[in-house]
Amino acid sequence: MPPTLPNTGSNTTPSGTAPPAAGPGSAPSGAALPAAGPDSTPSGATPPTTGSTSTPSKAAPPTTGSDSAPSGARGTARPAPTHPQSPRKAPPYVLSGANVVLPTGIIKNGRVIIDGTRIAGSAPENAQLIDVRGLWAVPGFVDLHNHGGGGASFTSGTVDDVLKGIHTHRLHGTTTLVASTVTGDMDGLVHRAGLLSELAEQGDIAGIHFEGPFISPCRKGAHSEELLRDPDPADVRKLIDAARGRAAMVTLATELPGGLDSVRLLAEHGVIAAIGHTDATYEQTVRAIDAGATVATHLFNAMPPLGHREPGPIAALLEDERITVELINDGTHLHPASLQLAFRHAGADRVAFITDAMDAAGFGDGLYTLGPLAVEVVDGVARLVEGGSIAGSTLTQDRALKRAVTLDRIPVEDAVAALCANPAKLLGLYDRVGSLEPGKDADLVLLDAEFALKGVLRKGEWVVDPFRD
Ligand SMILES: [Zn+2]
């Protein structure tokens, strides 16, 4: 049974009470957006059938006059397109009637205006009105921790492979992605940093996350033990330099020799120090946070469990407001109760849903490698061939959202914050991505009433076109 619309919070516009908004062509300049539209659609209305809205002439007009389309925007008034793109794909347009998830809450029957590559505050004269009633509109997802997908590895693939992996995740709503490496030898990682930094410069990825080699052999997970090393600040510095300003995050076991100095070094360079694959005690973890660490790499996984006399890193990471905790919500890495515990204790603004995806994400079962190690994926669960450790996930962020809302009973706005705003803020990108606000990149995901993905827009272009035949 699909969930009903959750509690919309104090800043939302309850269905039935929205004042009639100005039509998209007449919205006052600078109006807060997305504005609530006229409430002519009952909550939970059937989403538009994609086939029936594939041409502009079939676009369902609004059912009330107050949401009037700008001149020329309705029906067949626009001339036939002379370019191969459907006019639907060409901004400016107004996505109208969706349940729009904003940082302040959910606007039922709201609208989002797309102009060029940005979200706009008011609709240009020539904007088309596109009916998306019954769908959810949420920001494009931001993945802090992702090793690959579509059969491709960010650690070892060619540039084309990496681009294929990025595209695979875009098809699942991830419009901003940090590419993660796994433990390798230093020369290999330095070389990798060079390749990935070029992709970051081109805007294909948001940065590089080095997961290892500075991690604990006791909590190595799917990392190659013989390549692990202590976090010598000189080595950490090598990776920062090799990434040419594009290092976003380094996961390290901060209790190892050089750990705290490395955390300080990373913080000084604006690189996120993430505590993970760690065997630290509670006290050691507190010291690392005081030194400048701000992220818990996949909380609960690859660290000592919460004990009654030894609370370990989990208690320290959950209780400190300076820490954002990564969670892998794939149904394999975490019990739903653990996920809910983290949400309740850290609060929704300190959780980031990551995929920790490897090559098999969006691809299928089979034999793969993670760095130098062989991995077998069976029923979507990736494990090392030798030893059986979980080896990353095959998760995509649309599935993480659907699970959170439909199975874990996390409020939609909280789950969306964990997928969008929270990681965007951590990366220093919240002025561009992470929420559906005017001036930001037109990165948006449309989902049906059961949270199945229907459309993905990235910088104003449909990656998944909800209006395709
Ligand atoms: Zn990982």
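Is Arg244 buried, exposed or partly exposed, and how many other C-beta atoms lie within 10 Å? Arg244 is partly exposed, because 15 other C-beta atoms lie within 10 Å, between the limits of 12 or fewer for exposed and 20 or more for buried. Please keep in mind while reading that this is a predicted model. Here are my points, starting with the whole chain.

1. **The chain overall.** The protein chain has 10 helices and 21 strands. Of its 469 residues, 55% count as buried. Contacts across the sequence are well represented too: among those between residues at least 6 apart, 70% join residues at least 24 apart.

2. **The parallel sheet.** An open sheet of 8 strands, paired in parallel, follows the order S6-S9-S10-S11-S12-S13-S14-S15. Its edges are S6 (141–146) and S15 (351–354), each of which pairs on one side only. Inside that order, S10 (residues 207–211) and S11 (residues 247–252) run parallel and are joined by 4 bridges. If you want a place to look, Glu211 stands opposite Thr251 in S11.

3. **Just past S10.** The peptide bond from Gly212 to Pro213 is worth a look: it is cis, with omega near 15°. Pro213 belongs to the loop between S10 and H3.

4. **H2 against H3.** Helix H2 and helix H3 (residues 233–242) pack with their axes 8 Å apart, at an angle of about 25°. That angle is under 35 degrees, so H2 is roughly parallel to H3. On the H2 side the contact is made by Met186, Leu189, Val190, Ala193 and Gly194, and on the H3 side by Asp235, Lys238, Leu239 and Ala242. By type, the residues of this contact divide into 6 nonpolar, 1 polar and 2 charged.

5. **Gly188.** This residue sits in helix H2 (residues 186–201). Gly188 is partly exposed, because it has 17 other C-beta atoms within 10 Å. Its C-alpha atom is separated by 9.3 Å from that of Ser156, which is 32 residues apart from Gly188 along the chain.

6. **Back to Arg244.** The residue from the opening question is found in the loop between H3 and S11. Arg244 is not a glycine, yet it has a positive phi of about 45°.

7. **Asp356, another positive phi.** Asp356 lies in the loop between S15 and S16. Its phi is near 50°, a positive value in a residue other than glycine. Is Asp356 buried or exposed? Asp356 counts as buried, because it has 29 C-beta neighbours inside 10 Å and 20 or more suffice.

8. **Helix H6.** H6 (residues 312–319) is mostly covered, with 6 of its 8 residues buried. Those buried residues are Gly312, Pro313, Ile314, Ala316, Leu317 and Leu318. What covers them includes three strands of the parallel sheet, S12 (272–275), S13 (295–296) and S14 (324–328), along with helices H5 (282–291) and H7 (336–346).

9. **The three-stranded sheet.** S16, S17 and S18 form an open antiparallel sheet in the order S16-S17-S18. S16 (366–370) and S18 (381–384) are the edge strands, each pairing on one side only. Neighbouring strands here are turned by 35° against each other on average, direction ignored. S16 and S17 (residues 373–378) pair over 5 bridges, and Gly366 stands opposite Val377 in S17.

10. **S19 and its partners.** S19 pairs in the antiparallel sense with S5 (residues 136–139) over 4 bridges, and Val445 in S19 is the bridge partner of Val138. S19 also pairs with S20 (residues 453–458), again antiparallel and over 4 bridges. In that pairing, Gly455 in S20 is the bridge partner of Leu446. The hairpin of S19 and S20 has 5 residues between the strands, and in it Phe451 takes a positive phi near 70°.

11. **The two faces of S19.** Which residues of S19 (residues 444–447) are buried on each side? Leu444 and Leu446 are buried on one side, and Val445 and Leu447 on the other, leaving both faces covered. The general background is that side chains in a regular strand alternate between the two faces of the sheet.

Notes. Residues numbered from 1 in each chain as written. Predicted model: local features only at pLDDT ≥ 70, side-chain atom pairs only at ≥ 80, totals over all residues. Pairing = 2+ DSSP bridges. Axes fitted to C-alpha atoms, helices over the stretch in contact; angles between N-to-C directions. Contact = placed C-beta atoms within 7 Å. Parallel < 35°, antiparallel > 145°, perpendicular 65-115°, else oblique. Nonpolar A, V, L, I, M, F, W, Y, C, P; charged D, E, K, R; others polar.
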